[in-house]
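User: I would like a close look at a single part of this assembly, namely one chain and the surfaces through which it meets its neighbours. Please take the model shown here as the basis.

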Number of protein chains: 4
Amino acid sequence: MSKKIRVGMIGYGFMGKAHSNAYRQATKFFPDLPYEPELKVFCARNEERANQFASNWGYDQVEKDWRKVVESEEVDLVDICAPNNMHKEIAIAAAENGKWVLTEKPLSMNVAEGEEMVTAVKKAGVPNMVWYNYRRIPAVTLAKNIIDKGSLGKIFHYRANFLQDWTISSDLPQGGEGLWRLDVNVAGSGVTGDLLAHCIDTAMWLNGPITEVTAVTETFIKERQHNITGKVEKVGIDDACAFLAKFENGSIAIFESTRYARGHKALYTFEINGENSSIFWDLHDLHRLKYFDHGDDALTRGWRDVHVTDSEHPYMDKWWVPGLNIGFEHSFTHGVADFFASAKSDKPAQPDFQNALQTQKVCEAVINSGNSRKWENTYVEL
Amino acid sequence: MSKKIRVGMIGYGFMGKAHSNAYRQATKFFPDLPYEPELKVFCARNEERANQFASNWGYDQVEKDWRKVVESEEVDLVDICAPNNMHKEIAIAAAENGKWVLTEKPLSMNVAEGEEMVTAVKKAGVPNMVWYNYRRIPAVTLAKNIIDKGSLGKIFHYRANFLQDWTISSDLPQGGEGLWRLDVNVAGSGVTGDLLAHCIDTAMWLNGPITEVTAVTETFIKERQHNITGKVEKVGIDDACAFLAKFENGSIAIFESTRYARGHKALYTFEINGENSSIFWDLHDLHRLKYFDHGDDALTRGWRDVHVTDSEHPYMDKWWVPGLNIGFEHSFTHGVADFFASAKSDKPAQPDFQNALQTQKVCEAVINSGNSRKWENTYVEL
Amino acid sequence: MSKKIRVGMIGYGFMGKAHSNAYRQATKFFPDLPYEPELKVFCARNEERANQFASNWGYDQVEKDWRKVVESEEVDLVDICAPNNMHKEIAIAAAENGKWVLTEKPLSMNVAEGEEMVTAVKKAGVPNMVWYNYRRIPAVTLAKNIIDKGSLGKIFHYRANFLQDWTISSDLPQGGEGLWRLDVNVAGSGVTGDLLAHCIDTAMWLNGPITEVTAVTETFIKERQHNITGKVEKVGIDDACAFLAKFENGSIAIFESTRYARGHKALYTFEINGENSSIFWDLHDLHRLKYFDHGDDALTRGWRDVHVTDSEHPYMDKWWVPGLNIGFEHSFTHGVADFFASAKSDKPAQPDFQNALQTQKVCEAVINSGNSRKWENTYVEL
Amino acid sequence: MSKKIRVGMIGYGFMGKAHSNAYRQATKFFPDLPYEPELKVFCARNEERANQFASNWGYDQVEKDWRKVVESEEVDLVDICAPNNMHKEIAIAAAENGKWVLTEKPLSMNVAEGEEMVTAVKKAGVPNMVWYNYRRIPAVTLAKNIIDKGSLGKIFHYRANFLQDWTISSDLPQGGEGLWRLDVNVAGSGVTGDLLAHCIDTAMWLNGPITEVTAVTETFIKERQHNITGKVEKVGIDDACAFLAKFENGSIAIFESTRYARGHKALYTFEINGENSSIFWDLHDLHRLKYFDHGDDALTRGWRDVHVTDSEHPYMDKWWVPGLNIGFEHSFTHGVADFFASAKSDKPAQPDFQNALQTQKVCEAVINSGNSRKWENTYVEL
């Protein structure tokens, strides 16, 4: 019999919905988990919308104040989908109350905050994880497995980008619900924390520590109407960011992110080139992995287009039959499954706060380099 | 407030799982439906597996005999995921008991059975539908919308195929759980009813009635071990089938299906060529639609690769954000949503039994033509 | 030292240009051939254009009457790029005069004509070839090599199509220069002889004899202005044709061709599915071959996208460096090279007239079946 | 009547072959040029190979010493396909002798040399061009035309890479024929001058001046056997180089090149993102241009895959029919055609030496930044 874990969810945005769905789905497709999540308390500031959300997803209670959630005796796990500037305070309070803690990425507004959070969960000894969900797209997990087998040989290159085009219009305001990602005081940074953080998390997971970076950051639209103040205010986030990086293993890398790449909705791609093999992945076709094996016969060698839907592929034995895709949302479903499967083991699901702090360090070095126009050390220790 | 509709589900295979999931998901992503499904009774012959399935998916009761389900006062809707040779008997009994009836495709073993089923649901006046789920992949629905606007002009060509490769090994047995699709007495036909039926349903939905066909059918492996009898028995199904067709609108078509196309898992593709525009779709990348518009400027004209994940796209406002795919399974979720949204309207969700009978007629003409080696009329009336 | 072979070229259309170029290029990229073509006499009816063409391509003489060419003592080889209805007469006269003979495809207007032509070249003992040029696209030659090694195992399926869209407008006239392909009296047939002939030639080269076919033919636009008579006349060609086929080796096939597939310029594709492997090719990306090997590791198995530009690939050691494509026109350059390399050997370059007659037989069976609406035998003997 | 221009060609490598072919082909496919090249003198050090090359391509004379060529009264134009370290001396001597001068890219070993060369051709007043051939791939020219019409709106991003994998083996020697590109004393730099120079030339042609860069350069294999000295020597070239850049128009960019990207033969790709539209091109499929137009209808908007083979497309009216590709080599054919068409006009074909010097400046800034680890100004003035 699995033990019930009562979830307190904070935040009803896109991620609140994605996580709530994941808790529900994980119990059905991964029926043998030692713990079973139960949607217990939902928390958000707008009472009407909070009630509607809670009712739809089956939460038993609604709270307006997150402190009630982290202190509630009916909550075992706190899941933070609130904006970035609230992660630290909520997470630390939750840990201090002995709750399991999950938070959306990035871990925090900056490294200093992240360090406090790591200290708190360590001290409390509570299971914790940050939702870098792309690790659990089956094709990405497959990439990790291939690399871990050593199939690529010595690695020379890594490249990743995350391209969007949704903020090109200068009429788009900043701030407030749905648009807090454009408000530097709430988001901490722009594309660096929102998008590159994903790329960096995957990159260090697949290819080890990044040791130094040099970056360019750009804010194409300098001022936008602010939804909360009602005034036209300076835009403080990075609209676009590109950086060069060196990895500890001697490989070199380029990373780029923007919300001004017309034609790309959420084009997260990465490629890794090794002595023997190369791998490419693209979020727009998330169920495919491109794999080139130089060991194939010279006449018929070419990039293999792997449709990652067979039961041999990571996670896919839980789903449908070969050829039938699963969607983006199951990266979260797999996150729930892995987190609960390992919550009390000595190999907890990653990235935990400690691990995600390393991504925070690279993000901070990138932002710093954008300002200093110099190479910056990352001080990462994986 | 939505009214509860208590579901009696018959069959725990791939489709039992897909449908159960769809009922659960529809209530969350389509919260405004007039009816809300409630998983009530589950029925399958293997008691242990039935109990496990029911427990996992949250059914209240388990039955071994489908007659108990269709007669139960606690069931409003009967969903038939049992093999093809049971569709008729269950559906008619369910209708006679006033239940709403949904059945997996194909409607029946043959046209004669299908006609009885249509008569039964009409007489009973109960909402009914056949699960030709591919109509509700957003990209396919988008194709329908484009065609309905008249964007293609006069249609010249239609082509579709459904290619798989899972039965190439002669060691694969036929019959029994998981393999009843190879047993002609249970399945009625091979790829024609299993795969081409999907292609035909979509084709007539998009392009109108098929009037005549000429086919070739082939059984590459003539004998296989039968899982139930334990004996090597003649294989009665069509392993592969291809046919030429004429549509009422003057366009001509090719269709092909096989389980012997090495490298293809579930490659359902269709293409339609009109005077002004053409459309192509592929199940392996189900979130994309290819669209060619001859009206585009000559210098930059080319097939457009539409990533069907924007909120303007059919169904997609219910899901995530642009660029993020949903999976195959939500073709069923959308089916549930559409069925309940229109169950009592004068425009019920399609294909209902009457509509699906037309696909059955084409399938039967195809099988007949494979035997007669002649062009066969389909007698379809849409 | 290579021996000069003096070429008499008849016809200045697209193919006259393509062949003239090929003779010039072959001598540069295949410098070790035993024979070296020399552009000697050019023949076409329009004197001004003939002079211009001859001057541009370096022919020494111009003739208006093809009889002068086939009888000229300064001509060793006659290359027929005149319309289909002239192939027979010119080819037989050339053979009777001891000339080497090459003709554009299809061999002839029909099987009866083709048989006369085969008899003539055999009697004369002159080297001969029909320009089914796609065999010599490097990717297609590679497909042949892979199949000949037995890599595919037992073959189950073959499918090919050749889709164009250039005759959709009803304003397009028929007949005369540039448009004789729409005039049945000059072309013999429509897409069957023009496009499907290519597909059939490749198919039987790769997969052996086709034994029977059933076809549908269609003429979408029934009447068109005739450029020569000036009158609106009935269109006698097939605008579109699709057929089912059986091969001697037990595989089944679909073929389709049309000039009404909006969005496709010259989409010749073929796919062959064997027990172990499958191959796909597409003229629109002629330098790529898709190859699926079921023997690859299950986790990383996928269609390989082979960029056929390495020196190991057929013909490619003669050209540039890996990654750099050659164009369509070099299928002819390779044809010249192969023809001259083997002109006097006991393994002459194929297809010679005898071999191309088999394709003519299938074309004729296809046209007949379009009329008879029955399966027709092809009587092919490869 | 066109005037004959007698060509003196220096160097028989890959480029000597490509250029010789281009001169021959241009006269056939562009028959109306005011000048007609005539292959007159060929020069290379290895006498036997030089004779063979000259004989094959039809040069009248052979010289071992390039000084004879630049001084010959029978030569009007000197084409330099010798290694980079010889460009300056030959080009200046040729100009001083009043010859027209073309040189392979990059212009020179460094900016200082390039400035001398520009001064020389200006002083002599002779037509001159550098063979940045990719500008004349029809799809790339089409990109230029689209951009020049202003279709993209304000430009935000440019990205380009040129990835190869041919030097991964440490057994590969450096130096001497075929491998001088690995010898820094002959090549000047590694991938920066060989590959990134192409990317930079195209980028500034399409998007204007690059103003500053920051780069990382890497030499993965530190020592290689030298073919000429016979000793294992330090490798002085950059095996890989990536850089960030700013353009004068405010857009930001990433560039990357390597010979260690397993699976890529000659993957030159570029993408440019504007407010309204985006464009992508890939040398591996050089006949295709991807174009995204945000102005398309929201429901059917997607990247258009333009098959650049219609007569409306740049240069393509000279070649075959829609759907039929031309090869890489015709980027040179088009270069010959454009150069001769405009040699005496006031709008000579670009890039001339002056224009190519700007690319040299960026290359030098990139190499400098790789050493200095700082942002470097480029001092480009287009």
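Through which surface do chain D and chain C meet, and how many of the interface residues of chain D are also interface residues in chain C?

Analyst: The model is a predicted one, and what follows should be read with that in mind. In the pairing of chain D with chain C, 100% of the interface residues of chain D are also interface residues in chain C, so the two copies meet through the same surface. The contact brings together 24 residues of chain D and 24 residues of chain C. On the side of chain D that touches chain C, two elements give two or more residues, namely α1 (14-29) and α2 (47-57) of chain D, and α1(D) gives the most, with three residues. Sorted by class, this side of chain D holds twelve nonpolar, eight polar and four charged residues.

The geometry of this pair can be stated as a superposition: chain D is brought onto chain C by a rotation of 180° with 0.0 Å of shift along its axis, at an RMSD of 0.0 Å. Among the residues of chain D, D:Gly327 comes closest to that rotation axis, its C-alpha lying at 2.0 Å.

The helix α2(D), one of the elements named for the contact with chain C, also belongs to a second setting within its own chain. Chain D has an open sheet of six strands, with parallel pairing and the order β3-β2-β1-β4-β5-β6. At its edges stand β3 (61-63) and β6 (128-130) of chain D, each with a single partner strand, so one side of each is left without a neighbour in the sheet. Direction ignored, neighbouring strands of this sheet are turned against each other by 25° on average. Within the sheet, β1 (residues 3-10) and β4 (residues 77-80) of chain D pair in the parallel sense over four bridges, and D:Ile10 has D:Ile80 in β4(D) as its bridge partner. It is on this sheet that α2(D) packs, where it touches β2 (35-43) and β3 of chain D, and the direction of α2(D) makes about 160° with that of β2(D).

Chain D also has a contact with chain A, which takes 30 residues from chain D and 30 residues from chain A. Here the elements that each supply at least two residues of the side of chain D that touches chain A are strands: β7 (155-163), β8 (210-218), β11 (240-247), β12 (252-258), β13 (267-274) and β14 (277-282) of chain D. The largest share, four residues, comes from β12(D), and the residues of this side divide into 14 nonpolar, ten polar and six charged.

For the pair of chain D and chain A, too, a superposition describes the arrangement, since a rotation of 180° with 0.0 Å of shift along its axis places chain D on chain A with an RMSD of 0.0 Å. The two copies are thus related as by a two-fold rotation axis. The residue of chain D that comes closest to this axis is D:Lys374, at 3.2 Å for its C-alpha. As for the surfaces involved, 100% of the interface residues of chain D are also interface residues in chain A, so these copies likewise meet through the same surface.

Taken together, the side of chain D that touches chain C includes residues from α1(D) and α2(D), whereas the side that touches chain A includes residues from β12(D), which gives the largest share there.

Conventions: Residues are numbered from 1 along each chain as its sequence is written. Chains are lettered from A and ligands numbered from 1 in the order in which they are written. This is a predicted model: local features need pLDDT of at least 70, side-chain atom pairs count only at pLDDT 80 or more; totals for chains, interfaces and linings use all residues. Two residues are in contact if their C-beta atoms, placed from the backbone, lie within 7 Å. Ala, Val, Leu, Ile, Met, Phe, Trp, Tyr, Cys and Pro count as nonpolar, Asp, Glu, Lys and Arg as charged, and the others, Gly among them, as polar. Copies are superposed by least squares on the C-alpha atoms of residues with pLDDT of at least 70 in both. Two strands pair if DSSP finds at least two bridges between them. Axes are lines fitted to C-alpha atoms, for helices over the stretch in contact, and angles run from 0 to 180 degrees between N-to-C directions.
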